Amino acid sequence: ELHELTDRLKTKVREHKAARDEISKILDLTTDGLVYIDTDYNIINFNESLLKMWGFTAENVTGRKCYDLFDRGYCSKKPDAKAKCHLARLRAGAPLQKIKITATINGKTRHLIETGSVLRGDDGRPTGLIRSFRDITEHKEREQQLRQMLTISSVLARLGEHLMSSSVTDLTEISTIVLDQAKKDRKSVV
């Protein structure tokens, strides 16, 4: 009978490991960085994209508290409905929200959108949450380039209007007009 119990236990352990491996494979399919955190702030699982995005290794992340890795000035170790920390909000019974964060990772500024999704047990109580990080740095850079192009376009359009409505012949006067307009446009963009 002991031998039979041992065999059943080994089978359950293999099934559990297979299910965990399958979940890890699924998590690795997304480019978003994902991390599963229990209600005691322990990192339970994560995907490869999270490691790449944050410059972590699996050894850095395994068994750590989330606030030790992601402390960006908003992590909270106690329930707080007004906190940006998803777990603190969850523990306080407050709704989760999408937040934008700027982080310096490996010396580079990255713009991220972070969301949190609650995981619940069979009894409906929270067992943890999935934090998802989406890197929007390239989007922000393109947005900045577009703003610069619009500023240049605006300056050129106004310069053209000015040249058409007057007889400006002095190059110094033209450059002063361009510089003044660029300063005005830069202030309106910011």
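## A walk from the pocket to the aromatic cluster

Start with open space: the largest pocket holds about 180 Å³. Keep in mind as you look around that this is a predicted model.

**Stop one: the pocket.** Select Ser24, Asn45, Phe46, Ala58 and Thr62. These residues lie nearest the centre of the largest pocket, and they are among the 13 that line it. Now colour helix 1 (2–27), strand 2 (43–46) and helix 2, the elements that each give two or more residues to this lining. Which element gives the most to the lining? That is strand 2, with four residues. If you colour the lining by class, you will find five nonpolar, five polar and three charged residues.

**Stop two: a stacked pair.** Next, turn to the aromatic rings. The structure holds three aromatic pairs. Select tryptophan 54 and phenylalanine 56 and show their side chains. Their ring centres are 6.1 Å apart and their planes meet at 10°; planes under 30 degrees apart count as stacked, so this pair is stacked. Are these two residues buried or exposed? Tryptophan 54 has a relative accessible area of 4%, so it is buried. Phenylalanine 56, at 16%, is buried as well, because the limit for buried is under 20%.

**Stop three: an edge-to-face pair.** Keep tryptophan 54 selected and add phenylalanine 133. Here the rings are 5.2 Å apart, centre to centre, with 75° between the planes, which makes the pair edge-to-face. Follow the chain from one partner to the other: tryptophan 54 sits in helix 2 (residues 48–54) and phenylalanine 133 in strand 5 (residues 126–135), so the pair links distant parts of the chain, 79 residues apart. Phenylalanine 133 has a relative accessibility of 0% and counts as buried.

Now show the three residues together. Ring pairs join Trp54, Phe56 and Phe133 into a cluster.

**Last stop: the whole protein.** Zoom out and switch to a cartoon view. You should find seven helices and five strands. Tracing from the N terminus, the elements run α-β-β-α-α-α-α-β-β-β-α-α. Try colouring by burial next: of the 190 residues in the protein, 31% are buried. Then turn on the surface, where the protein exposes about 13,100 Å², with carbon and sulfur atoms supplying 53% of that area. Finally, consider the contacts between residues at least 6 apart in sequence: 39% of them join residues at least 24 apart.

Technical notes: Residues are numbered from 1 along each chain as its sequence is written. This is a predicted model: local features need pLDDT of at least 70, side-chain atom pairs count only at pLDDT 80 or more; totals for chains, interfaces and linings use all residues. Side-chain values use heavy atoms; hydrogens and water are left out. Rings of Phe, Tyr and Trp (its six-membered ring) pair if their centres lie within 6.5 Å; planes under 30 degrees apart count as stacked, over 60 as edge-to-face and the rest as tilted. Buried means under 20% relative accessible area, exposed over 50%, partly exposed in between (1.4 Å probe, protein chains only). Contact means heavy atoms within 4.5 Å. Accessible areas come from the Shrake-Rupley method with a 1.4 Å probe; for residues, only the protein chains shown count as cover. On a 1 Å grid over the protein atoms alone, a cavity is a set of points where a 1.4 Å probe fits but cannot get out, and a pocket is an open set with protein on both sides within 12 Å along at least five of seven lines; lining residues have an atom within 4 Å of a point. Grid points are joined across faces, edges and corners, and a volume is the space filled by probe spheres set on the points. Ala, Val, Leu, Ile, Met, Phe, Trp, Tyr, Cys and Pro count as nonpolar, Asp, Glu, Lys and Arg as charged, and the others, Gly among them, as polar.
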